[in-house]
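The following exercises are to be worked from the sequence and the coordinates. Each task is followed by a stepwise solution.

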Amino acid sequence: MNKTTNQDPVVVRNPTPSWRAILLCVLASMGSAAWAGTPLRVCYVDDRSGVAADTGIQSFNGFQIAVSEINDAGGINGQKVEVVSYDGKTDPQLTATFASRCAEDDGALAIVGGNPSAPAAAMIPVASEYEIPYLMLSAGTDNLTDMPAPFHFRVGPRNAQDAAAIAELIARQGFKRVALINNSLPFGTDSAHATEAALKTSGVPVVIQQTYDINATDLSPQIGRLRSANPDVIVVFPYAADGARVLRTLQQQGISLPRIVARSALLNTLRELAGDASDGVLVPNTVDMQRPDVKKFFDSYKTRFGEAQPTMYPVLGYDAAKMFLQAIADPAVQKALAADELADARVAIRDALIRNGNYQGLQGHAGATYQFGPDRHHGPPDQNWFVFVQVADKGKHLVAADLATFKPGS
Amino acid sequence: MEQIGVILLAGLTNGSVYGLVGLSISLIYGTNRVINFAQGEFVMLGVMSAILFMVTLHLPTWAAIGAILVVVVLAALVLELGVYQPLVRRGAAPLTIMIGTLAAAIIATGIALLIWGPLQLAVPNVFSLQALNLGPLMTNAQQLAIIGVFAGLLLLTWYLMYRTSFGLCIRATGVNPRIASLMGIRADRVVRFGFVFSALISGMVGILIGPLLGGQVGMGVTLTVKGFMAAILGGLGSPFAAAAGGVMIAVVEALVAGYGSSLYAEPIIFSLILAILFFRPYGLLGDFEAGRR
């Protein structure tokens with residue numbers, strides 16, 4: 001477990017039962033008015049040291065900003081929110097163990113986390129078994145929130161939504177011959193299939209689809225076949241390092257066609273490794289920097305954690321925390337908390353998340369809201385959610401996409 | 001024709017990496033009959049040390065390469081003196097020693113995590129990454145260097161093993177360390193040489209593949225698996241067979257990718273390995289090497 005110790009009001013701890021008992025006795029004997037039953041504790045479980053560490057770290061930073069904001073404002077009904085954080089290292093089994101610990105030992109009211117799909121999926125049975133609300137982040141595998149989803153919700157877009165957004169852009173920009181290239185991991189293959197299906201619906205043919213091994217040092221065979229198919233746009237579904245290799249090989253082979261890279265290009269790593277080979281690439285994102293509230297959030301982020309490019313990952317952590325915090329302020333939740341009924345409080349939080357299902361967060365275009373409901377635990381809607389960004393300055397920055405020049409033959 | 005050329009070049013490039021890791025695993029196995037599950041971590045150390053010496057400390061390239069090789073040699077000595085020798089002295093079975101090397105790999109990854117953090121990092125290139133035309137084929141100097149180093153190290157290993165008296169000692173120790181000791185061979189020194197030489201090879205692999213794969217502290221496991229597959233396919237115990245196994249795996253991967261989809265490459269390769277092992281349980285060239293001994 002990683003224990004974060006910082007000077008902000010976010011307390012990260014994992015007290016032993018004996019300490020909790022002592023604390024209870026002391027508070028009870030004092031008859032303190034400050035005592036408000038069940039502590040407001042939330043668990044953050046995500047990969048912060050494995051292959052998807054970029055996403056987990058950024059989301060956790062966003063999450064901490066939201067918790068700090070509420071604690072700085074006096075907490076919820078005078079009670080501060082405590083955070084217990086675990087690093088699941090992209091290991092599904094370890095992640096599930098930590099989720100169980102959150103539910104059983106830590107007495108958390110909810111679990112937030114889950115950027116890579118496999119560990120995110122591993123926490124779903126835990127959430128269902130312990131009946132603890134679980135807000136997963138960018139895990140994109142489509143069926144994760146298919147019903148029944150008794151206690152888990154998804155804050156980030158699913159792969160099919162990325163695919164639909166990419167297909168819609170390709171059709172709108174007038175491309176007629178699409179080449180898809182993806183790694184052989186589930187993210188790559190699922191996304192490519194979803195995009196192929198979405199393009200078919202839009203009436204745009206896929207002229208070639210190539211898959212490569214994530215650890216191959218030479219991707220010339222796949223890129224050579226792409227070139228021979230004579231596409232007018234190339235769409236890549238990679239992880240970070242292999243995505244850079246695809247872009248470098250395209251550059252090396254003198255292929256300067258318009259390129260779209262999946263959300264993995266939002267991560268600094270891919271762009272740093274690709275350098276100028278990533279310039280001009282379009283990336284689907286869910287953060288609109290034209291929105292003042294989004295800009296303000298990234299200013300806060302920069303002040304506290306250093307500069308971050310405007311990507312969905314910090315925002316996902318922030319929005320998930322805000323939704324959870326709004327839910328625990330709900331009267332039904334407060335009543336259960338005052339009665340020290342943890343199980344009832346968790347159920348009430350789940351119900352409050354559904355009741356507040358049209359929450360307006362920082363993802364999407366201005367005015368777009370999440371769409372959680374009794375039969376829909378996947379938040380992002382299909383419309384007004386995606387904002388394409390473009391890579392610039394040798395991969396260093398993400399800027400607003402120049403769609404006027406992103407055309408066939410450009 | 002051009003397509004097959006591209007595929008074979010890609011296979012040779014990737015195969016050189018797998019082959020070098022397989023050769024490293026096989027070198028240690030050849031001296032003590034233990035599979036070193038920390039072999040990929042030597043590569044990882046090479047990659048991450050390149051970041052330390054070239055990016056953080058801004059050492060000149062050749063000084064950085066020297067420093068990287070010193071780091072991997074020290075790591076090899078720590079593994080040999082801190083894990084292998086204590087377990088051997090206590091009479092541990094080879095399987096126990098293998099688990100010891102696995103534990104060392106996990107510890108090494110943890111230490112690297114503390115030093116370099118969890119993120120995938122860019123590694124400076126020693127050779128140019130600019131496109132280079134070889135007739136109809138296109139590659140770059142870094143990829144050609146991988147093939148060149150592979151060929152050079154194969155030649156060096158062959159010379160060492162078959163043209164020097166020390167090579168004879170290595171082979172004798174591999175066949176039976178006890179009898180080799182009775183013949184006056186310092187088997188412990190031969191084993192130590194195996195660790196150090198294989199770590200040097202892996203460190204060089206790290207320097208060469210870092211700019212292409214990027215550096216991440218968890219990258220060692222996959223490389224160990226590929227190297228192990230190469231060694232099993234070619235014939236464990238023979239460095240050259242392991243190297244050939246690596247090239248074969250990568251060429252099959254490239255053929256499957258070029259004419260089909262990489263999605264099916266691993267199942268096809270594992271089926272192939274299984275089929276070959278049914279008929280040649282010691283690997284493709286295992287018997288040949290056994291005969292040479």
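**Exercise 1.** How many Å apart do the C-alpha centres of domain 1 of chain A and domain 2 of chain A lie?

*Solution.* The model is predicted: local features need pLDDT of at least 70, side-chain atom pairs count only at pLDDT 80 or more, and totals for chains, interfaces and linings use all residues. Residues are numbered from 1 along each chain as its sequence is written, while chains are lettered from A and ligands numbered from 1 in the order in which they are written.

Step 1. Take the bounds, which come from an automatic or database domain assignment: domain 1 of chain A is 11-157 + 290-355, and domain 2 is 160-285 + 386-400.
Step 2. The C-alpha centres of these two domains lie 33 Å apart.
Step 3. Contacts (C-beta atoms, placed from the backbone, within 7 Å) link 12 residues of domain 1 of chain A with 14 residues of domain 2 of chain A.

**Exercise 2.** Explain the enclosure of strand E2 (residues 40-46) of chain A.

*Solution.* Strands (E, at least two residues) and helices (H or I, at least four) are DSSP runs, numbered from the N terminus.

Step 1. Count the buried residues (20 or more other C-beta atoms, placed from the backbone, within 10 Å of a residue's own). Because 7 of the 7 residues of E2(A) are buried, the strand is largely enclosed by the rest of the structure.
Step 2. Separate the two faces: Leu40(A), Val42(A), Tyr44(A) and Asp46(A) point one way, and Arg41(A), Cys43(A) and Val45(A) the other way.
Step 3. Identify the pairing partners (at least two DSSP bridges between two strands). E2(A) pairs in the parallel sense with strand E3 (residues 81-87) of chain A over 7 bridges, with Leu40(A) opposite Val81(A).
Step 4. Strand E4 (residues 110-113) of chain A also runs parallel to E2(A), joined by 3 bridges; here Val42(A) faces Ala110(A).

**Exercise 3.** Describe the side of chain B that touches chain A.

*Solution.*

Step 1. By the contact criterion, 33 residues of chain B meet 30 residues of chain A.
Step 2. The elements of chain B giving two or more residues to this side are helix H1 (2-32), strand E2 (137-140), helix H8 (187-213) and helix H10 (239-259).
Step 3. H1(B) supplies the largest share, 8 residues.

Notes:
Two residues are in contact if their C-beta atoms, placed from the backbone, lie within 7 Å. A residue is buried if 20 or more other C-beta atoms lie within 10 Å of its own, exposed if 12 or fewer, and partly exposed in between; C-beta atoms are placed from the backbone.
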